[in-house]
Amino acid sequence: MGSRKALFFDVDGTLFSEAWQRVPESAIKAVAEARRQGHLTFVNSGRVYCLLDPIRQSIDMDGYLCGCGTYIVLEGKEVYARSIPHGQGLKIKQLLKDCKVEAILEARDSCHFKRDTSWMPKLEKLRWNILKDGKVSPHPIEEDGYVFDKFCCYTDEGSDIERFLKDLEVDFEVIDRGDDFWECVPRGHSKATAIGMVLDHYGLSLEDAYVFGDSTNDLSMFTYAKNTVLMGKHDKDLEPYAAYTTRTVEEDGIAYALKQLGIIDKVFYKE
């Protein structure tokens, strides 16, 4: 298709099958073929860098845009990093306690949980999954000697969600992920701002960018980009911004889209 393109992939539900807990072989081969043909490929994820180890180990990319634009690594080099200032982090911890909100504080090297077991089973399940990968910090939320990049949290009927959202609205974008799960990102940072930085770095235009996603935390890149590829299983909020809808990740959706859009010329999916 001529000029070099920049391809930006969300992880969960897009590049990575949550049902299979792996990247499909078809996606690995299709992304490798795109790179062979001279295109640039990037992970663009809400996950912080330390939580991308399974992806980095299974598929080669030109760069990683992590934590909703708070940390960017291109060709193995850190090109942008932004953490929440320590003092602001202390206020967030107090707000979580006051509003009875359970959280995971996400840093690029590890994730921080409260010292004691949470009353919310969903948070404990998340803790266990991250613990299995060795990415739970030995320093719990109650300690103060660290900074973090973003945070996610769970609420329930006992949480003061109204106060929580109001106190954060000036400095954070709070993304409602559904099922009482919230993703909190410093304002001025998003998957879209990360794309802009990468395009500037490589001297590419927005017309050269293709984004692939499935959930509400992909909304910023879907409203920003022109070439938007929606996975077969997706949040309805993205539908008005989708230029093309592909198959699900388990149905070889990445490989199918790359071929159908003319980015690659080989078939790595089942007809």
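Which residues do ring pairs link into a cluster? In this predicted model, the cluster is made up of F8, F42 and Y202. One of these, F8, belongs to strand β1, and that strand is a handy place to start looking at the fold.

Strand β1 covers residues 6-9, and its side chains alternate: A6 and F8 point one way, while L7 and F9 point the other. Whichever way they face, all four end up buried. On one flank, β1 runs parallel to strand β2 (residues 40-44), with four bridges joining the two. Within that pairing, A6 of β1 has L40 of β2 as its bridge partner. To get from β1 to β2 the chain passes through helix α1 (residues 25-36), and the resulting β-α-β crossover is right-handed.

Strand β1 also pairs with β11 (residues 209-213), again in the parallel sense and again over four bridges. Here F8 sits opposite V211, and F9 has F212 as its bridge partner. So F8 turns up twice in this account, because its ring takes part in the cluster with F42 and Y202 while its residue stands opposite V211 in β11.

Zooming out, these strands are part of an open sheet of eight strands. Reading across it, the order is β5-β4-β3-β2-β1-β11-β12-β13, and the pairing is mixed. The sheet ends at β5 (77-81) on one edge and β13 (244-245) on the other, each of which pairs on one side only.

Aromatic contacts come up well beyond that cluster: a search of the whole structure finds nine aromatic pairs. Take Y49 and Y64, whose rings lie 6.5 Å apart, centre to centre, with 80° between the planes, an edge-to-face arrangement. What does this pair tie together? Y49 is in the loop between β2 and α2 (53-58), whereas Y64 is in strand β3 (residues 63-66), so the contact links parts that are 15 residues apart in sequence. The two partners differ in how covered they are: Y49 is partly exposed, at 24% relative accessibility, but Y64 is buried, at 9%. A second edge-to-face pair is F148 with F151, so classed because the planes meet at 85°, with the ring centres 6.3 Å apart. Both of these phenylalanines are buried.

Arginines get in on the ring contacts too. R56 lies over the face of Y49, 4.0 Å from the ring centre, so to speak adding a charged neighbour to a ring that already pairs with Y64. In another such contact, R47 lies over the face of F16, at 5.3 Å from the ring centre.Finally, the cysteines. How many disulfides does the structure hold? The count is zero. C68 is in no disulfide, and the nearest cysteine sulfur, that of C152, is 7.7 Å away. C68 is also buried, at 3% relative accessibility. For C184, the closest cysteine sulfur is in C153, at 4.1 Å, which is too far for a bond because a disulfide needs the two sulfurs within 2.5 Å. C184 is buried as well, with a relative accessible area of 0%.

Terms used: Residues are numbered from 1 along each chain as its sequence is written. This is a predicted model: local features need pLDDT of at least 70, side-chain atom pairs count only at pLDDT 80 or more; totals for chains, interfaces and linings use all residues. Side-chain values use heavy atoms; hydrogens and water are left out. Buried means under 20% relative accessible area, exposed over 50%, partly exposed in between (1.4 Å probe, protein chains only). Two strands pair if DSSP finds at least two bridges between them. A crossover is right-handed if, with the strands pointing away from the viewer, the path from the first strand over the helix to the second runs clockwise. Rings of Phe, Tyr and Trp (its six-membered ring) pair if their centres lie within 6.5 Å; planes under 30 degrees apart count as stacked, over 60 as edge-to-face and the rest as tilted. A charge sits over a ring if NZ of Lys or CZ of Arg is within 6 Å of the ring centre and within 35 degrees of the ring normal.
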